[in-house]
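Here's a quick tour for anyone opening this structure for the first time. Have a look around, then come back for the walk-through.

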Amino acid sequence: MTWIILQFVFLAMPVVLPALLYRSRRCFMARFYDKMVWSEKARRLYAHVLLIVLLLFHYVYTSGHPGEFGIVPSTIVCAAWASFRRADRWMRGLLDRPKRFVWFALLALVIGFVPHLYTMAVTIAFVLLAALFYPSARVMSEKTDIRKFLEWLECPGALADSYHSIITRGCHDNADNGCSR
């Protein structure tokens, strides 16, 4: 029974975390965004924490379903995720190409119903979750822009807006972002 509850917890995480934290302007999320943009060590830690969570999920799944060989493809993905450069490239590739992100989300949804590929669907869901909170190449290039840097210093919420504005790339400059100037 414990294994089933733990599997539900792992399955709820990709739904609950984005619902609570995506586009959040809370103080701890502003610090998180700031560290992710400026520190490679923070991004490396983020990728490794995701790997640990995925491996914990694999452990919980194999403890509840001994002898299940459908876990092998997702374990291969986890082994590939051990390389930070590869993980960084994958997450940026998902962020910079929204169509690819949608296709992987649909793939995870479809293969979630295939009995032996359930762990692969959850692994893809966690990778998509990690990509949601990873800085895109555009945000990484904006950190060298002095005007953007000063805006981020003045109002930490502006970094959150810039961090998550994939479609509305220029709109947040003219809109009221909630900062008193």
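Is Tyr-61 buried or exposed? Tyr-61 is buried, because its relative accessibility is 6% and the cut-off for buried is under 20%. Keep in mind that this is a predicted model. With that said, here's what you're looking at, topic by topic.

**The overall picture**

- The chain has eleven helices and zero strands.
- Reading from the N terminus, the elements go α-α-α-α-α-α-α-α-α-α-α.
- The chain has 181 residues, and 43% of them are buried.
- Take the contacts between residues at least 6 apart in sequence: 72% of these join residues at least 24 apart.

**Tyr-61 and Thr-119, a pair to find on screen**

- Tyr-61 sits in helix H3, while Thr-119 belongs to helix H7.
- Along the sequence Tyr-61 and Thr-119 are 58 residues apart, yet from C-alpha to C-alpha the gap in space is 7.9 Å.
- Thr-119 is buried as well, because its relative accessible area is 1% and the buried class covers values under 20%.
- Leaving out residues up to four places away in sequence, Tyr-61 touches Gln-7, Glu-68, Ile-71, Pro-115, Tyr-118 and Thr-119.
- With that same sequence limit, Thr-119 touches Phe-57, Tyr-61, Gly-70, Ile-71 and Ser-74.
- So Ile-71 turns up as a contact of Tyr-61 and also as a contact of Thr-119.

**How H3 and H7 pack**

- Helix H3 covers residues 40-64 and helix H7 covers residues 118-132; their axes come within 11 Å and cross at roughly 160°.
- That angle is over 145 degrees, so H3 and H7 run roughly antiparallel to each other.
- The crossing of H3 past H7 is right-handed.
- On the H3 side, the contact is made by Tyr-46, Leu-50, Val-53, Leu-54, Phe-57, His-58 and Tyr-61.
- On the H7 side, the residues are Tyr-118, Thr-119, Val-122, Thr-123, Phe-126, Val-127, Leu-129 and Ala-130.
- Sorted by class, the contact of H3 with H7 holds twelve nonpolar residues, three polar ones and no charged ones.

**How H4 and H5 pack**

- Helix H4 (residues 72-81) meets H5 at an angle of about 110°, and their axes are 7 Å apart.
- Since the roughly perpendicular class runs from 65 to 115 degrees, H4 counts as roughly perpendicular to H5.
- Val-77, Ala-80 and Trp-81 are the H4 residues here, and they meet Arg-86, Ala-87, Trp-90 and Met-91 of H5.
- Six of the residues in the contact of H4 with H5 are nonpolar, none is polar and one is charged.

**How H5 and H6 pack**

- Next along the chain, helix H5 (residues 84-96) packs with helix H6 (residues 98-111) at about 105°, with the axes 5 Å apart.
- This angle makes H5 roughly perpendicular to H6.
- Gly-93, Leu-94, Leu-95 and Asp-96 from H5 make the contact with Pro-98, Arg-100, Phe-101 and Phe-104 from H6.
- In the contact of H5 with H6, five residues are nonpolar, one is polar and two are charged.

**Phe-101, reaching further along the chain**

- Phe-101 lies in helix H6.
- Setting aside neighbours within four places in sequence, Phe-101 is in contact with Leu-94, Leu-128, Ala-131 and Leu-132.
- Phe-101 and Ala-131 are 30 residues apart along the chain, with 8.9 Å separating their C-alpha atoms.

**Aromatic rings**

- Counting rings whose centres lie within 6.5 Å, there are seven aromatic pairs.
- Trp-81 and Trp-90 form a tilted pair, 5.7 Å from centre to centre and with 50° between the planes.
- Which of these two tryptophans is buried, and which is partly exposed? Trp-81 is buried at 1% relative accessibility, whereas Trp-90 is partly exposed at 32%.
- Elsewhere, ring pairs link Phe-32, Tyr-33, Tyr-46 and Tyr-134 into a cluster.
- Tyr-46 from that cluster is also one of the H3 residues in the contact with H7.

Notes
Residues are numbered from 1 along each chain as its sequence is written. This is a predicted model: local features need pLDDT of at least 70, side-chain atom pairs count only at pLDDT 80 or more; totals for chains, interfaces and linings use all residues. Side-chain values use heavy atoms; hydrogens and water are left out. Rings of Phe, Tyr and Trp (its six-membered ring) pair if their centres lie within 6.5 Å; planes under 30 degrees apart count as stacked, over 60 as edge-to-face and the rest as tilted. Buried means under 20% relative accessible area, exposed over 50%, partly exposed in between (1.4 Å probe, protein chains only). Axes are lines fitted to C-alpha atoms, for helices over the stretch in contact, and angles run from 0 to 180 degrees between N-to-C directions. Helices (H or I, at least four residues) and strands (E, at least two) are DSSP runs, numbered from the N terminus. Angles under 35 degrees count as roughly parallel, over 145 as roughly antiparallel, 65 to 115 as roughly perpendicular and the rest as oblique. A crossing is left-handed if the near helix is turned anticlockwise from the far one by less than a right angle, and right-handed if clockwise. Contact means heavy atoms within 4.5 Å. Ala, Val, Leu, Ile, Met, Phe, Trp, Tyr, Cys and Pro count as nonpolar, Asp, Glu, Lys and Arg as charged, and the others, Gly among them, as polar.
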